[in-house]
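Trainee: Hi, could you walk me through a structure before I set anything up? I'd like to ask questions as we go.

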Amino acid sequence: MSDPSGVVFPLDPTSGRRSTTATGRAVVADALRGVDRVGAASAERETNWRQGYLPHFRRLVEAGLTSPGAAHDIARRGLVSLHERMCWTGSDGDRPLAEAFAVREEPTDRGEPAEPLGSETVRGEGTPDRVLSVPYAGERLSGDDLRRRLDLWVQAGVVEPTCAEAVGRVVDNPDWLDLSDRTVVVLGAAAEMGPLRSLLRWGADVAAVDLPRRDLWDRLLGETRRLAGSLTVPARPGTDPLHARAGGDLVHDLGAVTEWVAGLEGPLVLGNYVYADGETNVRVSTAVDALTQQVVRAKGTDHVALAFLATPTDVFAVPGAAVERSVDSYANRRTSKVLRVPLRTVSGGRLLRRNYVPGQDPGINDSVVLQQGPNYLLAKRLQRWRATAYRADGGLVSFKVAPPTRTRSVLKNRALAAAYAGAHRFGVEVFEPGTANTLMAALLVHDLRTGSPALPAPWQDEAYAAAHGGLWTAAYDPRSALGIAALLGLGSAR
């Protein structure tokens, strides 16, 4: 681990190192232990976690299907395990994670009191947009044009029908875009998939948190001034320009950032859009979850809504209608009958496997990209667990599966970029960032305005209004087609 300070993985007593493998394996086992002791034991015995993690993450989903209570138990145990294992560390060594919030009361290394972050607000000069419009293929779609595109996505199996219905309700109720009754806290403000730009275009009051980087804040503050909303940011005191003082580091200054968020007035929406590479993704996701707990304790469930974007490259239980569409596509694809048998023969059955066994309801869609690794999946699972637990506690949750998208973090992986370039050959649409983040922002508005009532089972809450890009309805198991898609897309991905 290159930076062993702030929120960190615990030291492994066997190796004496901060082991992401030991922690991930233990957290998954702890999560399963209450409802699936065999699955928990299997995770504990996994000797090659970095390559063998996937069946255990899949088991977390399957074990939760037996009852809503089972899914809630898995979520709560997983959250407790991660919080108990992850640490807060500084010059005096490791402490329990919760002590990150006591550090604010201690003096700095210079013997001075730790100084809290201040707040500064920039207000845009634009006029609030009260018509939902979504950029797509060089145009900006609204009204009937947007409805037609939503219908085409449903017909192609790119989004769930409930996604089109939810966005359609926002189109029907343009006043919903006025979010002046609450502050939306965007954690990971510069994220390509985040809703920041859409919220500002609609005139929302946004509180933004991201790393203290001059170039990042120079861009975000400049965009804010051209749009209609307001941007409130944590800032260090001083006379330098705001872009040189703005920002907060969740991993290393968790107490200060949490204190700042908890001090914001009025009802809040805590939007989790953070991302980092490798093990840092788990560290920052854990920091956000710890912040969330503290803010909810301070303000109460009635005054805090939570918002999450799920990756489509994960394991999900999916509706029977998606399974039926996939099974039909598998049976009727013309290319299947020419290529499928020889390809499966020469690959030993690894290529072009069917996506589901016919008749499953719900089905299990496994679209995990193995190159993303177990730390990525653990970070995303932490967010799913918090959404499930908070909804069970009566809190308002907006949890949406976002489509595969050509973000910078994806395109820097050449193999994944090539696979995305060839994905359309297998019925999967990969979105541009502007289309995806605007669509997801519209779904956030829908959930805030409707209250996002809980469905009978947690897996249904996760599947509602999903924009999976066609991964759930595709004829083939995504990993079994990934290599072929990459070969087909290699030229256009360059």
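Mentor: Sure, we'll go through confidence, helix packing, an aromatic pair and some backbone details.

Trainee: Where does this model come from, and how are residues numbered?

Mentor: It is a predicted model, where local features need pLDDT of at least 70, side-chain atom pairs count only at pLDDT 80 or more, and totals for chains, interfaces and linings use all residues. Residues are numbered from 1 along each chain as its sequence is written, and side-chain values use heavy atoms, with hydrogens and water left out.

Trainee: What is the mean pLDDT of the protein chain?

Mentor: The mean is 93, and 93% of the residues reach 70 or more. pLDDT is the predictor's confidence in each residue, from 0 to 100.

Trainee: Where does pLDDT stay under 50?

Mentor: Over residues 105-113, for which the model has six contacts beyond four places in sequence; contact means heavy atoms within 4.5 Å. Where pLDDT is low, the predicted coordinates should not be read in detail.

Trainee: On to helices. At what angle do H11 and H12 pack?

Mentor: Helix H11 (residues 254-262) and helix H12 (residues 279-299) pack at about 40°, with axes 9 Å apart. Helices (H or I, at least four residues) and strands (E, at least two) are DSSP runs, numbered from the N terminus. Axes are lines fitted to C-alpha atoms, for helices over the stretch in contact, and angles run from 0 to 180 degrees between N-to-C directions.

Trainee: Which residues of H11 meet H12?

Mentor: Leu-254, Val-257, Thr-258, Val-261 and Ala-262 of H11 do, and their partners in H12 include Ala-287, Leu-291 and Lys-299. By class, that contact has nine nonpolar, two polar and one charged residues. Ala, Val, Leu, Ile, Met, Phe, Trp, Tyr, Cys and Pro count as nonpolar, Asp, Glu, Lys and Arg as charged, and the others, Gly among them, as polar.

Trainee: New topic: how many aromatic pairs are there?

Mentor: A search of the whole structure finds eight. Rings of Phe, Tyr and Trp (its six-membered ring) pair if their centres lie within 6.5 Å; planes under 30 degrees apart count as stacked, over 60 as edge-to-face and the rest as tilted. Tyr-136 and Trp-153 have ring centres 5.4 Å apart and planes at 85°, so that pair is edge-to-face. Tyr-136 is in strand S5 and Trp-153 in helix H6, 17 residues apart.

Trainee: And the peptide bond from Asp-361 to Pro-362, cis or trans?

Mentor: That bond is cis, with omega near 0°. Pro-362 lies in the loop between helix H14 and strand S13. Also, Ala-137 has a positive phi, near 50°, in a residue other than glycine.
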